[in-house]
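Subject: Structure handover

Hi,

Here is the structure I promised to pass on. Please open it alongside this email.

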Amino acid sequence: MKGSLYVDCSGFRGILINQALKEPFVSFQEVLLNDRAVALQVPYPNDRSDIEPFTSATALPSGWVWNIPLYNRVGTGYVYCSQFMSSKEAESELRAHIGPRAKDCIANHIQMRIGRCRNAWVKNCVAIGLSSGFVEPLESTGIFFIQLGIEELLRHYSGPTTDPDVAADYNRIMADCIDGVRDFLVLHYRSSDRADTPFWQATKEISVPPSVEQRLQLWKKRLPNERSINPCYHGFEFYSYSVMLLGLNYRPVDSLPALRHSSNVSAALEAFQEVRDRTSELVRTLPGHLEYLQYLRGTRKSSATAEQRDEITA
Ligand SMILES: Cc1cc2nc3c(=O)[nH]c(=O)nc-3n(C[C@H](O)[C@H](O)[C@H](O)COP(=O)(O)OP(=O)(O)OC[C@H]3O[C@@H](n4cnc5c(N)ncnc54)[C@H](O)[C@@H]3O)c2cc1C
C-alpha cells in the first residue's frame, strides 16, 4: 500500500525512521544515565482512605522511584542505570521499597532508548512519540512530546510533496524541545546534593554544555527568570526551574539587593502568612482525596459545603 505521508509511531523500535530510512539516533546516555525501568502495579490495602493526592519521585541508591496513586491501584516503578545495577537487583530494591504489598505483583522490565532521532521528519516520514525520541520520565514529558509533534505537524504539513525548508523547521522545533528537556533533567541531577553511591557520584560528573554550566553558576546567585533559562520552547517556564532548584536546596546565596530598599517586605510576609493560613484551613476542612474521587465518580455524596465544591471544581 502506498501513502503520501507516513507517521512512524512504532515506539523505541523506530521501524520506519531508523530501520527503513536509517536516520541516526543521537543518544543522550552520556548526560542522562538512566536507561532501564522496572514497573509494578500495586494494589491498595482494603482501607485506602490514605490515598495520596499527588505523584512522587523518590531517590534510591541507583536512580529514583515513581509513585502514581490511581483510583484502583498504585503505579510505581524504579528508573535506574544499568551500569550500576542489574535488573534483578533493581526489582528487589523496588520490592523492598514498597514492602509486603508488592508480594504478588508481576514486574515489567523496560529498556529505554534515551535520546532523539537526528531528524524526526525525513522524506515523507515523520516520527512521533518514542520513535522520535525519549528522555527518562522524571518530568513525564512523553505525551507532551507527542502532542507537540502532532501540533507542529499540523502547522507544517502542506501536502504530499515534502518541502525541505518546512521539514527542517519542524526538525529544529522538535530537536530544540527535546534537547531543552534533556538539559532541564540534567539540572535535576547536577543541582541535587546527593552523592552517596556510585550512581549519584556519577551524576555529579556529567559534563554539561557550557551554557548549562553557566546557568547553574548564575542560579547560585540569582533565581532563574524568563531571560536566564533556555530560550527555545521546551515546555518549562522559569518558575519550573525555580521550584525544582529550591526543592533540591540549590538556593541563591543572597537575595536581590533591590529588596533591601523595598518598604513592602512586611506586605510580602503578610501575603505568605495568608497563604499558609488558607492552606491550613483547606487541609482541615476539605474532603480527603478518596472522598473527592468518589464524589467525582458519583459513588459518594460530598460532605464539602457548596462554596468548597465550587472552589474545588473551579
Ligand atoms: C518507564 C516509562 C515511563 C513513562 N512515563 C511517562 C509519563 O509519566 N508521562 C508521559 O507523558 N509519558 C511517559 N512515558 C512515555 C510514554 O510511554 C509515551 O508517552 C507513550 O506511551 C509513547 O507512545 P508511543 O506510541 O510513541 O510508543 P508505544 O507506546 O511504545 O507504542 C508503540 C506501538 O507500536 C507497536 N509496534 C511496534 N512495532 C510494530 C510493528 N512492526 N507493527 C505493528 N505495530 C508495531 C507496539 O506494539 C506498540 O503498541 C513513559 C515511558 C516509559 C518507558
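Below is what was found in it, going from the whole chain down to single residues.

**Overall**

This is a predicted model. The chain contains ten helices and eleven strands. Its C-alpha atoms fill a box of roughly 60 × 60 × 45 Å along the principal axes. Of the 314 residues in the chain, 25% are buried. Take the contacts between residues at least 6 apart in sequence: 65% of them join residues at least 24 apart.

The domain assignment gives three entries: domain 1 (6-29 + 114-247), domain 2 (36-111) and domain 3 (266-313). From domain 1 to domain 3, the C-alpha centres are 36 Å apart.

**The ligand site**

Where does the ligand shell lie relative to domain 1 and domain 2? It lies between them, because both domains give residues to the shell.

The ligand has 17 residues around it. Gly11, Gly129, Pro137, Gly142 and Ile143 come nearest. By type, the shell divides into nine nonpolar residues, seven polar and one charged. Helix α3 (residues 142-156) supplies the largest share of the shell, with three residues.

**Strands β3 to β6**

Start with strand β6 (residues 73-80). Six of its eight residues are buried, so β6 is largely enclosed by the rest of the structure.

β6 pairs with strand β3 (residues 36-43). The two run antiparallel and are joined by eight bridges. Valine 38 has tyrosine 78 in β6 as its bridge partner.

β6 also pairs with β5, again in the antiparallel sense, over seven bridges. Here tryptophan 66 stands opposite glycine 77 in β6. β5 and β6 form a hairpin, with three residues between them.

β5 (residues 63-69) pairs in turn with strand β4 (residues 56-60). That pairing is antiparallel, over five bridges. Threonine 58 has valine 65 in β5 as its bridge partner. A hairpin of two residues joins β4 to β5.

**Valine 79**

Valine 79 lies in strand β6. Is it buried or exposed? Valine 79 is buried, because 23 other C-beta atoms lie within 10 Å, and the cut-off for buried is 20 or more.

Set aside the neighbours within four places in sequence. Valine 79 is then in contact with Asn34, Ala37, Gly63, Trp64, Glu136 and Pro137. One of these, Pro137, is also among the residues that come nearest to the ligand.

For a distance check, use valine 79 and aspartate 8. They are 71 residues apart in sequence and 26 Å apart in space, C-alpha to C-alpha.

**The three-stranded sheet**

There is an open sheet of three strands, in the order β1-β10-β9. Its pairing is mixed. β1 (6-8) and β9 (121-122) stand at the edges. Each has a single partner strand, so one side of each is left without a neighbour in the sheet.

β9 pairs with strand β10 (residues 125-127) in the antiparallel sense, over two bridges. Tryptophan 121 has valine 126 in β10 as its bridge partner.

**Helix α2**

Helix α2 (residues 87-98) has twelve residues. It reaches 17 Å from its first C-alpha to its last, close to the 16 Å expected. Glycine 99 comes just after α2 and takes a positive phi of about 95°.

**Backbone angles to check**

Most residues other than glycine have a negative phi. Two residues to look at here are lysine 22 and serine 140.

- Lysine 22 has a positive phi of about 60° although it is not a glycine. Lysine 22 lies in the loop between α1 (15-20) and β2 (25-27). Lysine 22 is exposed, with 8 other C-beta atoms within 10 Å.
- Serine 140 has a positive phi of about 50°, and it is not a glycine either. Serine 140 is found in the loop between β11 (133-134) and α3. Serine 140 counts as exposed, with 11 C-beta neighbours inside 10 Å.

That is the handover.

Best wishes

Conventions. Residues numbered from 1 in each chain as written. Predicted model: local features only at pLDDT ≥ 70, side-chain atom pairs only at ≥ 80, totals over all residues. Near = placed C-beta within 6 Å. Helix = DSSP H or I, 4+ residues; strand = E, 2+ residues; numbered from the N terminus. Nonpolar A, V, L, I, M, F, W, Y, C, P; charged D, E, K, R; others polar. Domains from an automatic or database assignment. Pairing = 2+ DSSP bridges. Buried ≥ 20, exposed ≤ 12 C-beta atoms within 10 Å, placed from the backbone. Contact = placed C-beta atoms within 7 Å. Expected span 1.5 Å × (residues − 1).
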